[in-house]
Amino acid sequence: MTRVFFSAGESSGDIHGANLIRALLARSPSTTCEGLGGLRMAQAGMKLRYDLASSGIMGFTEVVRSFPAVVRLFRETCDHLRQARPDCLVVIDYPGFNIRLAKYASGLGIPVVYYISPQVWAWKKGRIHTIARSAEKVLVILPFEEPLYSELGVDCVYVGHPLVDHIPASAYAAAPGNRLLIGLLPGSREQEIRRLLAPMLEVAEGIQDAYPEAEFVTPCVDEVRQGQVRALAGDFPLVTVIGKTCEVLGAARFCLVASGTATLEAALIGVPMIIMYKVSPLSHWIARRVVHIENIGLVNILAGRRIVPEFLQHEIRSERVLPAALELIDDTPARERMLRDLAEVRDTVGPPGASERAAEEIVELLGRKASHG
């Protein structure tokens with residue numbers, strides 16, 4: 001019986017990890033899966049040792065505050081790996097934790113697969129060498145990442161972006177009809193929602209003044225985040241739903257979106273958007289010195305230029321964001337241009353089947369290791 005240990009943090013890692021586990025078990029039903037992740041991975045067939053996805057943290061200062069708990073979990077996980085000796089460790093994104101875990105497991109002789117490489121091209125570029133030394137196989141989801149690892153002699157495979165499979169066909173077919181639906185997506189973490197929902201609501205009030213018929217919806221990852229959103233929304237008529245991000249995007253005329261996975265979801269579905277993001281002042285000060293990319297939105301990074309407006313930190317003011325939002329809601333040249341640009345981005349992320357291709361690579365590695373004793 002083959003045993004695979006997974007480690008994933010954050011909601012997106014839980015989603016992609018769950019799809020990978022399903023694909024892996026479909027190919028190798030006798031495989032047992034356990035590890036760190038979230039409820040989706042548990043539902044897919046993994047024994048969940050700790051819900052790391054729900055406790056995902058962001059920002060430099062937030063990491064410092066959570067450091068003792070993270071260190072304790074890391075040590076407990078290392079102890080488990082040393083005692084259980086799984087046949088393979090699969091780490092999914094979440095670099096601060098997973099790069100170190102991969103290095104430790106590699107030292108034990110446990111084969112490591114890194115699925116969804118950290119953004120080494122954006123910051124802390126030296127991490128690619130640590131990953132190259134620790135991972136036996138790297139499975140990347142962006143086309144320009146494969147050459148970065150291949151040049152270092154790493155067994156690297158571009159499998160395509162798993163979001164292509166995550167988005168249901170119904171999201172593409174959704175049509176708002178006579179409804180004017182506006183999506184507010186402030187992120188999945190407590191800190192993101194606390195910092196972004198209020199300014200998003202200010203912009204939403206301006207949209208409501210211009211379009212009294214507008215409806216506003218926020219998809220939430222779980223009941224805890226839903227409660228937080230409802231409390232912060234107060235008397236504003238904001239509808240909240242659990243999950244259904246793709247369905248909301250598919251029915252929306254326009255969205256305000258926190259920088260992250262949701263920007264690519266919106267791009268794939270083809271809904272015009274504005275990206276907003278804000279971290280603590282100290283985190284922003286540090287990021288300005290270590291992050292070396294012009295745009296932070298994944299959709300803009302893939303496009304190679306800014307096709308979606310980005311408002312960051314002190315720029316997040318209604319008087320700045322609202323005019324851009326209204327221009328994208330109405331039938332304007334700016335809206336048509338963005339729709340064309342989003343369609344081009346959609347063509348760059350590869351065909352469906354990323355989870356299946358990733359699972360095939362893991363099965364191949366496990367079979368090769370088993371045949372060599």
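1. A residue counts as buried when its relative accessible area is under 20%. Keep that cut-off in mind for Ala 252: its relative accessible area is 10%, so this residue is buried. Please also remember while reading that the model is predicted.

2. Where does Ala 252 sit? Its place is the loop that links helix 12 (245-251) to strand 11 (254-258). Not counting residues up to four places away in sequence, Ala 252 touches Leu 181, Gly 183 and Val 271. Leu 180 is also worth a look: 72 residues separate Leu 180 from Ala 252 in sequence, yet their C-alpha atoms are 7.2 Å apart in space.

3. Now to the sheet that includes strand 11. Six strands make up this open sheet, in the order 10-9-8-11-12-13, and their pairing is parallel. At its edges you will find strand 10 (238-242) and strand 13 (310-312), each of which pairs on one side only. From one strand to the next, the twist averages 20 degrees.

4. For a close-up of that sheet, try strand 9 (residues 215-220) and strand 10, which run parallel and are joined by five bridges. Here Val 217 stands opposite Val 239 of strand 10. Helix 11 (residues 223-233) lies across both strand 9 and strand 10, and runs at about 175 degrees to strand 10.

5. Helix 16 (residues 318-329) is another one to display with this sheet. It lies across strand 8 (181-185), strand 11, strand 12 (273-277) and strand 13. Relative to strand 12, helix 16 runs at about 155 degrees.

6. There is a further open sheet, built from seven strands in the order 3-2-1-4-5-6-7, again with parallel pairing. Strand 3 (46-50) and strand 7 (156-158) each have a single partner strand, so one side of each is left without a neighbour in the sheet. Ignoring direction, neighbouring strands here are turned by 20 degrees against each other on average.

7. Within the seven-stranded sheet, strand 1 (residues 3-8) pairs with strand 4 (residues 88-92) in the parallel sense, over five bridges. Val 4 has Cys 88 as its bridge partner in strand 4. Helix 4 packs on this sheet, where it touches strand 1, strand 2 (32-36) and strand 3. The direction of helix 4 makes about 170 degrees with that of strand 1.

8. How many aromatic pairs does a search of the whole structure find? The search finds three. In one of them, the ring centres of Phe 74 and Phe 97 are 5.6 Å apart and the planes stand at 85 degrees; planes over 60 degrees apart count as edge-to-face, so this pair is edge-to-face. Because Phe 74 lies in helix 4 (residues 67-84) and Phe 97 in helix 5 (residues 95-107), the pair ties together parts that are 23 residues apart in sequence.

9. Phe 74, Tyr 94 and Phe 97 form one aromatic cluster. Is each phenylalanine here buried or partly exposed? Phe 97 is buried, at 5% relative accessible area, whereas Phe 74 counts as partly exposed at 21% relative accessibility.

10. Last, a look at helix 10 (residues 190-210). With 21 residues at 1.5 Å a residue, helix 10 should span 30 Å, and this agrees with its end C-alpha atoms, which are 30 Å apart. Helix 10 also has a kink of about 35 degrees at Leu 196. The proline Pro 199 follows shortly after that kink.

Note on methods: Residues are numbered from 1 along each chain as its sequence is written. This is a predicted model: local features need pLDDT of at least 70, side-chain atom pairs count only at pLDDT 80 or more; totals for chains, interfaces and linings use all residues. Side-chain values use heavy atoms; hydrogens and water are left out. Helices (H or I, at least four residues) and strands (E, at least two) are DSSP runs, numbered from the N terminus. The expected span of a helix is 1.5 Å times one less than its number of residues. The bend at a residue is the angle between axes fitted to the seven residues ending there and the seven starting there. Buried means under 20% relative accessible area, exposed over 50%, partly exposed in between (1.4 Å probe, protein chains only). Contact means heavy atoms within 4.5 Å. Rings of Phe, Tyr and Trp (its six-membered ring) pair if their centres lie within 6.5 Å; planes under 30 degrees apart count as stacked, over 60 as edge-to-face and the rest as tilted. Two strands pair if DSSP finds at least two bridges between them. Axes are lines fitted to C-alpha atoms, for helices over the stretch in contact, and angles run from 0 to 180 degrees between N-to-C directions.
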